[in-house]
Amino acid sequence: MKNLKLILSAVAATLVVGCSDLAVNEDAAYAGNLPSNFDYKTYAEINPALKFAAVTQAVADYNAEYAETIKTRNILNRDVNDSAASKIIAAIVRAQAACGSAECPAVDSLNGVMQAKKDSLAALEATEAVKAYIADSVNFFLTDSASMYLLFTAPWGGSLKGYNDSVWAKSWNVTKDTTIYDTTKTTHIFKLAVVDKSGETPDTTRVYLNTGFPTAADAKGKITYSDTDPTKIAAVEGFTDTTYETPVSVTMDENKSFLPKLRKDTTVIGKIDSTKISTHYDGLDPDKLKDFKIFNFVNKPGDNINDYERAESVELDSTTTTLQYVLVGKLNGWAYRYCDESEITHARACDESIKKCEMMEAGSLQDLCFKKLKCDLYPATKLYCKNKATGYSHEI
């Protein structure tokens, strides 16, 4: 389907229109726009995006009572426990011990801000509504594998994202490997300019050298560091130019200094070490949480909702579903019924694009081809049915 987000927004808009608003003009709205054998239940079964829109709207409506409270709690929880800002503030507060609170008024202020957030979070998490939310979220995403599996593979749920049994096997109680790279960098100096101010006119000496790039065998010249301060250069031995033919050396003293603008350093990676860290995640893969939080009917105090059963029980009514077909589905070439035997030989919607994907070798690239399939059906001028065996749409 082309522009799925746009289409789903239109679906949602039609699904929230009350039936009573349409009853008076129903005949006028449908006249000449519906096939004679249109059945809204079959249409909804073939196009699970309709159920997706209805379920997510039902979840939003049910959760609306505590939505702001939960949002506030989650923001506070992020600020206190998860965000980069909390880690920075915590580091600054730890540094307070080294300088004393009297000399660190800014740190005291940040500490006060963080403590206020912690107090607000603790107060919210003591309420019955947030207690129920936390308990429900833990159960929903970490322990209720049966309900999560059903949501993961539901036609109107995870299947719309391409999730299936094989993806599920890699998504519940998973262990992920992360490779951490530790890079050792080496700085090689190619030119130093030394200004000597001991005479009447400052004299600049340029010393060209190579301290070992790409290998130690390539070194030209030498830098000697001070015995009393290993960070300071005591003497430089090199050459007058990049041909490395005429030697020149400079011994540093109180009259000499380096001219930064004429210094050339090159920093290169000398060594890369890697460490593999394995992390086990209980419950649903955290990377997929965002795809399923939208199905979570948050338990209110005293509730014990099975999220899959509640979502599955959401029904589409005939008026709004039929109107969606008239306003959206028909124009976008959505199939409205299953094909009979004679129709599956007709041309398919997006036929040429589908054939290109079918010619590819089976695997991830072919799957990606089908997932990104696009064709210009809008505005459709023909009616379409769906082949129940293959899932393809065919012209009627």
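These questions and answers walk through a predicted model, where local features need pLDDT of at least 70, side-chain atom pairs count only at pLDDT 80 or more, and totals for chains, interfaces and linings use all residues. Residues are numbered from 1 along each chain as its sequence is written, and side-chain values use heavy atoms, with hydrogens and water left out.

Trainee: What volume does the second largest pocket have?

Mentor: Start with the term. On a 1 Å grid over the protein atoms alone, a pocket is an open set of points where a 1.4 Å probe fits, with protein on both sides within 12 Å along at least five of seven lines. Grid points are joined across faces, edges and corners, and a volume is the space filled by probe spheres set on the points. For the second largest pocket that comes to about 650 Å³.

Trainee: Which element gives the most to the lining of the second largest pocket?

Mentor: Lining residues have an atom within 4 Å of a point; there are 24 of them here, and N74, Y133, S137, F141 and K293 lie nearest the centre. The elements giving two or more residues are α5 (49-63), α6 (67-82), α9 (128-143) and β7 (264-284). Helices (H or I, at least four residues) and strands (E, at least two) are DSSP runs, numbered from the N terminus. The top contributor, with eight residues, is α6.

Trainee: How many residues of that lining are nonpolar?

Mentor: Ala, Val, Leu, Ile, Met, Phe, Trp, Tyr, Cys and Pro count as nonpolar, Asp, Glu, Lys and Arg as charged, and the others, Gly among them, as polar. Five lining residues are polar and six are charged. The nonpolar ones number 13.

Trainee: Is N139 buried, partly exposed or exposed?

Mentor: N139 lies in helix α9. Buried means under 20% relative accessible area, exposed over 50%, and partly exposed in between (1.4 Å probe, protein chains only). N139 has 37%, so it is partly exposed.

Trainee: How many residues of α5 are buried?

Mentor: Check its length too. The expected span is 1.5 Å times one less than the number of residues, and for α5 both that span and the distance between its end C-alpha atoms are 21 Å. Among the buried residues are A49, F52 and V59. Of its 15 residues, the buried ones number 11.

Trainee: Which element gives the most to the largest nonpolar core?

Mentor: A nonpolar core is a set of buried Ala, Val, Leu, Ile, Met, Phe, Trp, Tyr and Cys residues joined through side-chain atoms within 4.5 Å. The largest has 31 residues, and M148, L151, W156 and F292 have the most contacts inside it. Elements that give two or more residues are α4 (40-46), α5, α9, α10 (145-153) and α13 (307-312). The one that gives the most, with six residues, is α5.

Trainee: How far apart are the end C-alpha atoms of α14?

Mentor: Helix α14 covers residues 318-329, and 10 of its 12 residues are buried, so it is largely enclosed by the rest of the structure. A straight helix would reach 16 Å at 1.5 Å a residue. The ends of α14 fall short of that, at only 14 Å.

Trainee: Which residue in β5 is the bridge partner of E237?

Mentor: Two strands pair if DSSP finds at least two bridges between them. Strand β4 (residues 233-239) has five of its seven residues buried, and it pairs with β3 (residues 222-225) in the antiparallel sense over four bridges. Five bridges join β4 to β5 (residues 247-251), also antiparallel. There, the partner of E237 is S249.
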